[in-house]
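Grab a pencil and work through these three exercises with the model open beside you. Each one comes with a worked solution.

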Amino acid sequence: MAKPGYILLKLVEVGVIFFVILTALFFLFRLSPGDPISKMVDPMLTPEDMAHLIQQMGLDRPMWEQYLIYVKNFFTGHFGVSFHYGEPVANIIVDKLKWTILLFTTSTFLAAVVGVFLGKIAAWHKGSRLDNVMSISALVCYTLFIPWFALLLLWILGFKLGLFPLGGVLSPALWISNAPLIVRILDVLHHLMLPLMTLFVINLGSYLLLMRSSMLSVLREDYILTARAKGLSEKVIRNKHAARNAALPVITSVGLSLAFSINGGALTEQIFTWPGIGRELIFAVSNNDYPLAQACFLLIALVVLCANLIVDLLYAWLDPRITY
Amino acid sequence: MGQIGKRTNPFRQLRNREFRIYPVLRAVVMLGLIVAGLFSCSGSKEPPFLKIGLPEEPRSLNIWLGTDANSRNILSQIYQPLFRRHPETLEMIPWLAKEDAVFNEKELTYTVRLREAKWSDGSDFTSADVLFTRQLFADFKIPRYYSHWQVIENVVAVDDHTVVFHLKEPSAVFLPRVMTAPMVSKKEWEQVCKEALATEKPLRFLQDYQVDTPLGTGPFMLHEYQKGAYIHMIRNPHFFGLGQTIGNLTLGPYVDHILFNIYGTSDVAILALKKGDIDYYWWDIQPGYLKDLEKDSDIDLHYNKKSALYYLGFNLRKSPFNDKTLRQAVATVVDKGFILDRILQNHGNPMHSIVPAGNRFWHNQDVRKYGEGMDQKTRIKAAWQMLVDAGYSWETPPVASDGTLTKPSDIRLPSGEKMEKFVILTPPADYDPKRAFAGTMIQEWLRLLGMPAFARPMAFNSLLETVKGKHDFDAFVLGYGKLDLDPGYLASFFSSKNDNPRDWNMSGYRNPEFDKLAEKQKSTVDLQVRRQMIFDMQAMILEDIPYYPLYNPHIIEATVNKRFAGWVERVDGIGNIWSLCMVKPVD
Amino acid sequence: MLNKYFVSRFYKGWQIFIRNPLGKTGVIILGVFMIMAVASFLVPLIDPMYDPMTGIDPDIKLSTGPSFTHWLGTDNVGRDILAQLLEGAKVAFIVGLSSAFFSIVIGTLIGMIAGYAGGLVDAFLMRIADIIMVLPSLVILLILASLFGQFNIWIIVFIIAIMRWPAVSRVIRSQTLSLKHRPFIEASRVAGASHIRIVLRHIMPNVLPLAFLYMTFRVTSAILVEAALSFLGFGDPSQVSWGMMLQWVWKSGHMFQAPYWLIPPGLCISLLTLAFYMLGRAMDEVLDPRLRKEGQAE
């Protein structure tokens with residue numbers, strides 16, 4: 001058993017990859033044209049003012065010096081101060097992260113649960129009309145263009161029918177009138193519905209298809225035949241034997257499909273003005289707010305790398321055949 | 001998917017957890033029902049707030065950092081200057097100052113008497129605060145203020161409410177630029193400044209300082225700020241203008257609470273306006289929404305002139321636009337009427353001089369005008385004639401010998417060289433459709449003269465980098481949405497000393513005569529004399545055309561008339577401190 | 001003779017392919033979009049006002065709904081929406097196919113090299129593939145596009161290709177690994193064939209069908225990423241595309257007022273990606289006999 005060695009190796013690997021991303025990101029930001037003040041078109045601002053601002057941001061230092069400061073700060077837990085908001089990046093991220101986590105976890109969880117459930121049924125009735133309808137709809141969900149779907153939901157459910165708020169996370173009028181906590185929670189959930197629906201539908205498609213194919217491959221396994229031979233009821237075989245085993249790769253694929261979800265999450269947040277990390281990243285990037293954009297991106301990279309690490313380790317732990 | 005399928009085996013042994021799908025689903029449906037039920041009956045009870053929509057989150061409540069429009073909207077209710085412009089006459093009137101500043105020409109001093117004002121915590125506003133603010137500008141080289149305040153040699157507090165400013169030299173912009181700086185409280189900032197000055201990067205430290213409750217003298221103060229959602233401001237009981245008549249307006253404020261709702265997009269904010277969720281949306285409304293809003297009797301639309309400049313700029317450093325005649329010919333074929341009609345949908349004015357017409361005192365209306373009153377055919381003929389006289393030639397000229405227009409080809413410079421293809425840079429259509437389409441139209445008009453013009457939309461910061469940073473361009477369409485009412489920017493835009501990368505003279509205009517005037521007007525205190533100089537400068541620009549002004553859109557704003565009335569209209573719209581001091585609830 | 005073999009093989013594959021309902025639907029939808037793409041060349045010839053970027057109807061000032069002269073209406077400056085939609089089809093094909101092609105080329109080359117060379121080279125290349133595979137491509141493109149300001153459509157195509165090769169190279173690598181020790185490869189090696197020759201002559205022909213299968217899936221993601229990028233305002237502003245159209249309707253404030261403008265571009269993006277995806281699945285069955293037999297058995 002070379003397990004500890006393997007884990008160590010994996011950890012080192014993730015560390016190296018992360019460092020490479022960290023470095024690449026720094027040079028990408030510094031070598032690109034433009035800087036945080038290049039967008040300011042205020043004739044009141046003299047070139048001396050601009051030079052002063054640049055100097056105060058520490059952007060006039062030699063590149064390598066900036067880089068060393070950047071790396072040192074990162075490893076001592078100083079993520080810097082946002083150029084745009086003038087607030088420590090860590091505060092901003094914590095502030096935004098809670099909204100992203102709320103949206104992301106609920107939509108992923110719901111989509112996975114429903115996707116596993118429907119995928120199971122589709123696979124069980126393979127080839128039937130039900131299966132065809134479900135597979136095709138899942139395919140359609142999977143290839144839907146997220147922003148368009150989000151805008152349509154906004155237009156129909158939000159605007160035409162007026163069922164849901166059109167953006168933001170809460171209704172200020174409700175909050176300043178000191179509404180009870182439960183009302184506030186429900187208010188946030190009400191705002192959550194549209195972005196949640198968008199991400200749910202998109203994710204549902206991929207989970208359903210994944211579950212279906214995973215279930216089909218499980219159904220071919222010997223132990224299902226054994227179970228059948230033992231005379232167990234079809235329902236028991238489906239739910240207890242097949243589905244449970246087929247669902248696990250779907251659950252772990254949450255980790256693997258994280259990158260895809262992040263893309264979709266950024267778009268959804270942008271459309272529904274959901275003040276999460278994805279929207280902030282887009283905003284920071286278009287403002288040349290280096291510290292904030294870097295931190296947002298590194299956070300995303302870190303989450304993705306860790307999720308993959310966990311999946312890898314899980315497989316290694318479960319499958320003794322994997323050695324390094 | 002295939003890959004994941006192959007990895008299924010290891011999980012066969014794992015049978016520990018049951019997936020409870022039905023209970024979860026049931027819970028979700030229940031939750032949905034509760035939410036739907038709750039919101040069908042909520043939203044009836046509302047406190048008497050003035051509700052204003054903001055398009056974006058303010059950058060910061062720290063006045064040294066919050067220089068964006070949204071932060072300014074909030075902070076300008078809190079931090080006040082000594083003088084400000086009257087909304088109607090646009091003259092400088094005393095604000096935190098008690099009366100007009102007394103100028104002593106011999107000593108070069110301004111004596112300013114201060115009002116008996118109080119900060120919102122109840123402490124007195126005194127000369128010490130003015131001196132402190134001045135010192136702060138100097139110590140931290142605060143952008144936008146520092147350079148103007150440099151004209152001040154020394155400030156002396158005669159008593160608690162009298163301050164004397166000693167100037168190094170006469171300054172034309174003492175009132176409009178120096179005295180309009182916001183005054184800050186010594187109490188609030190002294191400690192922070194001390195700490196900041198001890199650091200390596202004082203300005204950055206100062207700007208990054210977290211201000212939770214800004215201390216000001218203005219009509220409102222901050223009550224609560226829920227990031228990403230709203231800002232709640234309440235009336236400042238110590239506001240010096242309360243019940244006072246300043247510039248023949250009797251100030252309130254007449255509302256106790258303002259709620260600023262932060263929206264991410266205009267769509268949502270305008271819908272909120274229509275639903276009556278907000279009383280005013282503090283942003284310019286695009287003409288696309290107007291048809292819909294005009295129908296609504298609950299909504300008032302406010303059309304005001306804007307102190308703005310949208311123009312076609314040329315690169316005078318290189319061929320082909322280093323030739324004045326060519327620039328004049330281009331100006332002749334540009335159909336401002338068309339731009340106004342089609343691109344602005346008639347919500348604006350054609351612009352003839354660099355200083356907008358809304359700025360009545362400084363605008364020179366007798367500058368040279370191009371193509372005035374001509375139809376397209378005459379324009380092309382006139383421009384063609386100008387070019388022919390200057391030695392330009394064509395393979396097929398735009399005007400045939402019998403006077404009819406033809407499709408021209410191969411325009412040649414007076415030197416006999418072929419005119420190289422050139423690019424008119426514009427911002428992308430999503431940033432500003434008006435400028436993007438103006439660029440496209442200009443391209444079409446220039447092609448009628450046989451010029452190889454190509455309009456190209458470019459992401460805004462690359463555009464600035466190319467035009468302002470590198471000077472690597474032929475022509476561009478840009479603009480300033482909020483131009484200062486003092487015409488000092490003429491000197492910034494066109495003085496040859498500003499012809500450096502990243503500096504304001506983007507065209508590379510160099511005219512010693514203009515430079516002389518630009519220098520001289522800076523220290524001309526006599527308004528009428530300075531006005532004449534500014535007029536002459538405008539005339540020079542419109543003769544040489546480094547920039548060719550195109551249009552000046554109206555600012556269009558919308559308010560709901562059911563709950564509040566009394567918005568104060570001025571150049572740049574109703575979004576100003578006067579409005580918030582004057583708006584009253586309607587019964 | 002070789003040609004004849006390929007033709008008959010292709011014909012057989014096509015038979016299976018077209019019998020598959022997914023494949024059939026996909027081909028039909030693709031056909032419609034191809035006609036649209038071709039039509040985009042013709043429309044501006046009718047009248048310059050139908051130019052998707054610069055054509056402006058002289059009689060229209062605001063966005064108007066469908067009419068006889070503008071079947072799908074106009075945008076807020078009087079440009080024809082149908083003309084833009086047709087142009088968008090062309091751009092989507094260009095973006096999708098070319099970026100898929102680049103990513104297949106890169107992915108196949110790297111996959112073959114990694115599989116054939118093995119050892120450190122293999123480990124190194126596959127680690128890189130792993131990193132790139134887990135990164136969110138849209139976010140990366142977003143950062144690049146906003147940092148470097150102006151990307152024209154070809155640079156976007158190329159970056160998408162660079163972001164999307166790893167999945168291909170993994171599959172090609174495993175295919176190469178299984179081929180590597182086949183007798184005919186061993187034989188040519190003994191016969192003194194160079195590595196390049198073995199890779200190009202013996203391995204490549206055998207992995208290409210698989211590469212083409214993956215190409216259809218790459219097309220899907222390339223179209224989606226380009227559209228998303230344009231939608232967020234980081235696309236090529238001088239190029240009409242479906243994502244750009246959605247961006248215009250969104251940013252110009254016509255989202256709630258002009259459904260005739262909001263619906264078509266997104267529908268086209270979704271349908272086209274769906275068509276390519278269906279094509280891929282159908283091809284999957286052609287190339288994987290195991291799937292096919294199962295499909296027909298039930």
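Helices here are DSSP runs of H or I, at least four residues long, numbered from the N terminus. Keep in mind that this is a predicted model.

**Exercise 1.** Place A:Cys141: which helix holds it, and is it buried or exposed?

*Solution.* Start with the helix: A:Cys141 sits in α5 of chain A. Next, count neighbours: 22 other C-beta atoms lie within 10 Å. The cut-off for buried is 20 or more, so A:Cys141 is buried. Then see what it touches: leaving out residues up to four places away in sequence, A:Cys141 contacts A:Val201, A:Ile202, A:Leu204 and A:Gly205. Of these, take A:Gly205: 64 residues separate it from A:Cys141 along the chain, yet their C-alpha atoms are 5.0 Å apart.

**Exercise 2.** Work out what span helix α3 of chain C should have, and check it against the model.

*Solution.* The helix covers residues 81–117, which is 37 residues. The rule is 1.5 Å times one less than the number of residues, so expect 54 Å. The end C-alpha atoms are 52 Å apart, which agrees. Now for its surroundings: 27 of the 37 residues of α3(C) are buried, so call it mostly covered. Right after the helix comes C:Gly118, with a positive phi near 65 degrees.

**Exercise 3.** Describe the side of chain A that touches chain C.

*Solution.* First the tally: 35 residues of chain A contact 31 of chain C. Several helices of chain A each supply at least two residues, among them α1, α5 and α13. The top contributor is α13(A), with seven. By type, the chain A side splits into 26 nonpolar, eight polar and one charged.

Key
Residues numbered from 1 in each chain as written. Chains lettered and ligands numbered in written order. Predicted model: local features only at pLDDT ≥ 70, side-chain atom pairs only at ≥ 80, totals over all residues. Buried ≥ 20, exposed ≤ 12 C-beta atoms within 10 Å, placed from the backbone. Contact = placed C-beta atoms within 7 Å. Nonpolar A, V, L, I, M, F, W, Y, C, P; charged D, E, K, R; others polar.
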